[in-house]
Amino acid sequence: PQVMENKFKESLFIEQIMVIGEFKKHPAALIQPAFEVLREWCKRKKIDCEDNTQMINNEQVVKRVMNDINMYNESFANFEQVKKIKLIDIPWSIEGGELTPTLKLRRRNILEKYKTLVDEIYPDESA
């Protein structure tokens, strides 16, 4: 998934992304948006977003990020394409346990921390 993640991070709206879905029906992604870019976009679109949580729960914001995902999906085979996303409202960090000191994703930690979101993406496939 690293090649895919690097491609998706070309989007101005995506700060961090973790593609998930190994042994699942389809790939999906947990995304930490680029909040400053999104905040500016929300202002231009006159979308009321007081904080990160309100922003990631706004349907227009989710659609905007998904538009970029769909654009970059064109680089991949159909079975590789990300079908669903969940936005994360707290920036990933070394202190939070999501990133290593070299800023690589701690995949297991992220999956554990956001298990509820992963279960929402794959409701019929919970272990």
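**A guided tour from Lys-46**

Begin by selecting Lys-46, which lies in the loop between α2 and α3. The structure on display is a predicted model. Lys-46 has a relative accessibility of 75% and therefore counts as exposed, the cut-off being over 50%. Its backbone also deserves inspection: phi of Lys-46 is near 55°, a positive value in a residue other than glycine.

For a second residue of this kind, select Phe-23, where phi is near 65° and thus positive, again in a residue other than glycine. Phe-23 is placed in the loop between β1 and β2. Its relative accessible area is 78%, so Phe-23 is exposed.

**Helix α2**

Return to the helix that Lys-46 follows. Select α2, residues 35–44, and colour its buried members: Phe-35, Leu-38, Trp-41 and Cys-42. These residues lie on the same side of α2, because they cover an arc of only 120° around the axis. An α-helix has 3.6 residues a turn, so residues three or four places apart point the same way. Now turn to the other side of α2, where Glu-36, Lys-43 and Arg-44 are exposed.

What do the buried residues of α2 pack against? Display β2 (28–33), α3 (52–56) and α4 (59–73), for these are the elements that the buried residues of α2 pack against.

**Strands β2 and β3**

Keep β2 in view and add β3, residues 84–87. The two strands, β2 and β3, run parallel and are joined by four bridges. One pairing to locate is that of Ala-29, whose bridge partner in β3 is Ile-85. Ile-85 belongs, with Leu-87, to the covered face of β3. Lys-84 and Lys-86 make up the uncovered face of the strand.

**Strand β1**

Move next to Ile-14, a residue of strand β1. Is Ile-14 buried or exposed? With a relative accessible area of 5%, Ile-14 falls under the 20% limit and is therefore buried. Show its contacts, leaving aside neighbours within four places in sequence: Phe-8, Lys-9, Ile-31, Gln-32, Pro-33, Ala-34, Val-65 and Ile-69. To follow one of these contacts, draw a C-alpha to C-alpha distance from Ile-14 to Ile-69; the two are 9.4 Å apart in space and 55 residues apart in sequence.

Gln-16 is also placed in β1. This residue is buried, with a relative accessible area of 13%. Not counting residues up to four places away in sequence, Gln-16 touches Lys-9, Leu-30, Ile-31, Gln-32, Trp-92, Leu-99 and Leu-105.

**The second largest pocket**

Gln-16 leads to the last stop, as it is one of the residues lining the second largest pocket. Select the full lining: Pro-1, Gln-2, Glu-5, Asn-6, Lys-9, Gln-16, Ile-17, Leu-103, Lys-104, Leu-105 and Arg-107. The pocket has a volume of about 210 Å³.

Which element gives the most to this lining? Highlight α1, which contributes three residues, the most to the lining. Both α1 (2–8) and β1 (14–20) supply at least two residues each. Colouring the lining by residue class shows four nonpolar, three polar and four charged residues. Lys-9 and Leu-105, both part of this lining, are also among the residues that Gln-16 touches.

How values were computed: Residues are numbered from 1 along each chain as its sequence is written. This is a predicted model: local features need pLDDT of at least 70, side-chain atom pairs count only at pLDDT 80 or more; totals for chains, interfaces and linings use all residues. Side-chain values use heavy atoms; hydrogens and water are left out. On a 1 Å grid over the protein atoms alone, a cavity is a set of points where a 1.4 Å probe fits but cannot get out, and a pocket is an open set with protein on both sides within 12 Å along at least five of seven lines; lining residues have an atom within 4 Å of a point. Grid points are joined across faces, edges and corners, and a volume is the space filled by probe spheres set on the points. Ala, Val, Leu, Ile, Met, Phe, Trp, Tyr, Cys and Pro count as nonpolar, Asp, Glu, Lys and Arg as charged, and the others, Gly among them, as polar. Buried means under 20% relative accessible area, exposed over 50%, partly exposed in between (1.4 Å probe, protein chains only). Contact means heavy atoms within 4.5 Å. The arc is that of the directions from the helix axis to the C-beta atoms. Two strands pair if DSSP finds at least two bridges between them.
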